[in-house]
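Me: I have a structure to look at and would like to learn how to read it. Could you take me through it feature by feature?

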Amino acid sequence: MNPYILATLLFGLGLGTTITFASSHWLLAWMGLEMNTLAIMPLMAQHHHPRAVEASTKYFLTQAAAAATLLFASTTNAWLTGQWEIQQISHPLPAALITLALALKIGLAPLHAWLPEVLQGLDLTTGLLLSTWQKLAPFALLLQIHPSNTTLLIMLGLSSTLIGGWGGLNQTQLRKILAYSSIAHLGWMILILQFAPSLTLLSLLVYLTMTLSAFLTLKLSKATTINMLATTWTKAPTLAAFTPLILLSLGGLPPLTGFMPKWLILQELTKQDLAPTATLAALTALLSLYFYLRLSYAMTLTTAPNNLPGITPWRFFSSQLTFPLAISTTMTIMLLPLTPTITALLTP
């Protein structure tokens with residue numbers, strides 16, 4: 001892709017998110033989300049592969065449906081209450097519709113079916129953008145409207161953690177596994193949104209760090225399936241030793257960084273007299289942990305086939321910068337001792 005066009009698309013992506021962040025009017029927020037969608041579409045279809053075009057089409061249709069629902073809900077709210085302010089959603093009907101529209105935008109279960117299919121059709125760099133940057137604007141709106149329908153949020157959260165864990169069990173494609181991982185993490189964030197928005201923000205930041213680390217690792221080793229992970233050891237032995245820690249951190253295993261948001265969310269749910277919800281969420285985390293353990297096993301305890309096609313990839317080393325990977329990996333593994341400091345900074 002022409003670097004000028006790429007710069008323009010990335011600028012549009014950033015501008016769309018910034019407009020949504022800064023807006024207090026529903027039309028401006030909707031415009032920012034639309035700019036986001038239109039800016040990432042050429043990045044998704046840039047390789048002109050039928051699978052990439054299919055993924056782009058599916059993404060466009062789902063995002064257009066979500067944006068139309070959002071616009072309809074905000075117009076309904078303006079009709080019922082006479083104002084367009086994002087933080088003044090007082091009527092339960094538009095509040096529920098807006099929550100569902102934003103859930104479709106980020107891929108919460110049961111509105112999740114598009115996410116694994118779309119992510120599977122993209123290259124790892126665009127997949128990283130879709131899994132991280134594209135979640136920021138809808139979450140900014142969710143944090144602003146502060147939905148009051150606790151039952152809806154808990155149902156969305158629990159179904160996402162359950163489906164995110166269950167859906168990843170039978171996958172061999174790494175991008176689909178990361179998509180289901182994304183669904184599960186989003187479920188944890190939505191569970192706590194009503195009770196402690198600062199914890200949702202903390203979970204989102206930790207998720208972004210861990211996902212960045214996971215995608216950069218796969219990009220460096222050029223792995224797209226579980227079997228291809230076995231060649232990582234020969235290419236980058238140090239990275240292969242640290243990758244299981246990244247994966248287990250994604251699963252939320254102590255003493256790694258990923259345990260921090262889960263620990264605080266379970267604690268807050270228990271304080272809110274939602275012990276059964278906390279128990280079910282903790283049990284669904286075991287499903288996710290199982291497929292992360294599968295990936296760790298494939299990477300560290302299996303060897304690649306010794307025929308020529310298996311050896312060939314080892315001779316080509318990636319030109320990718322390793323500094324961002326080093327920083328994100330360190331944060332993914334070692335932030336847990338800083339939990340008191342981080343929570344103090346996030347507490348208003």
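**Reading the domain interface**

Reply: Domain 1 and domain 2 bury about 1100 Å² between them, and 83% of this area is on carbon and sulfur atoms. Keep in mind that this is a predicted model.

Me: Where does each domain run along the chain?

Reply: Domain 1 covers residues 1–116, and domain 2 covers residues 149–347. Taken over C-alpha atoms, the centres of domain 1 and domain 2 are 25 Å apart. Domain 1 gives 12 residues to the contact and domain 2 gives 14.

Me: Which residues of domain 1 lose the most area to domain 2?

Reply: They are Leu-108, Ala-109 and Pro-116, which together make up 46% of what the domain 1 side buries.

Me: How many salt bridges and how many polar contacts cross this interface?

Reply: Begin with the general idea: side chains of opposite charge can pair when their charged atoms come close. Between domain 1 and domain 2 the rule finds 0 salt bridges. It does find 2 residue pairs in polar contact across that interface.

Me: Which elements give two or more residues to the domain 1 side?

Reply: Helices α4 (92–106) and α5 (114–120) do. The largest share of the side that touches domain 2 comes from α4, with 5 residues. By residue class, the domain 1 side of the contact has 9 nonpolar, 3 polar and no charged residues.

**Salt bridges in the whole structure**

Me: How many salt bridges does a search of the whole structure find?

Reply: The search finds 5. One joins the side chains of Arg-51 and Glu-117, at 3.4 Å from N to O. Arg-51 belongs to helix α3 (residues 50–81) and Glu-117 to helix α5, so this pair ties together parts that are 66 residues apart in sequence.

**Backbone exceptions**

Me: What should I look for in the backbone angles?

Reply: The general idea is that most residues other than glycine have a negative phi, and most peptide bonds are trans. The exceptions are then worth listing.

Me: Which peptide bonds are cis here, for example the one before Pro-110?

Reply: Ala-109 and Pro-110 are joined by a cis peptide bond, with omega about 5°. Pro-110 sits in the loop between α4 and α5. Ala-109 was also named among the residues of domain 1 that lose the most area to domain 2. Another cis bond runs from Pro-254 to Pro-255, with omega near 5°. The loop that holds Pro-255 is between α12 (237–251) and α13 (259–271).

Me: What is the phi of His-48?

Reply: Phi of His-48 is near 55°, a positive value in a residue other than glycine. His-48 is in the loop between α2 (26–44) and α3.

**Record annotations against the model**

Me: Where does UniProt place the feature "transmembrane region"?

Reply: The unreviewed UniProt entry gives several ranges, among them 60–80, 92–115, 233–254 and 274–293. To read such a range, set it beside the secondary structure of the model. Over residues 233–254 the chain is 82% helix and 0% strand, and the end C-alpha atoms lie 25 Å apart. Over residues 274–293 the chain is 95% helix and 0% strand, with 29 Å between the end C-alpha atoms.

Me: Which residues does the record give for the feature "domain: NADH:quinone oxidoreductase/Mrp antiporter transmembrane"?

Reply: The unreviewed UniProt entry places that feature at residues 23–286. Over residues 23–286 the model is 76% helix and 0% strand, and the end C-alpha atoms are 39 Å apart.

Technical notes. Residues numbered from 1 in each chain as written. Predicted model: local features only at pLDDT ≥ 70, side-chain atom pairs only at ≥ 80, totals over all residues. Heavy atoms only, no water. Domains from an automatic or database assignment. Contact = heavy atoms within 4.5 Å. Buried area = accessible area lost by both parts, 1.4 Å probe. Salt bridge = Lys/Arg side-chain N within 4 Å of Asp/Glu carboxyl O. Polar contact = N/O pair within 3.5 Å; in protein donor to acceptor, adjacent residues only side chain to side chain. Helix = DSSP H or I, 4+ residues; strand = E, 2+ residues; numbered from the N terminus. Nonpolar A, V, L, I, M, F, W, Y, C, P; charged D, E, K, R; others polar. UniProt positions renumbered as here; feature names shortened; annotations may be inferred.
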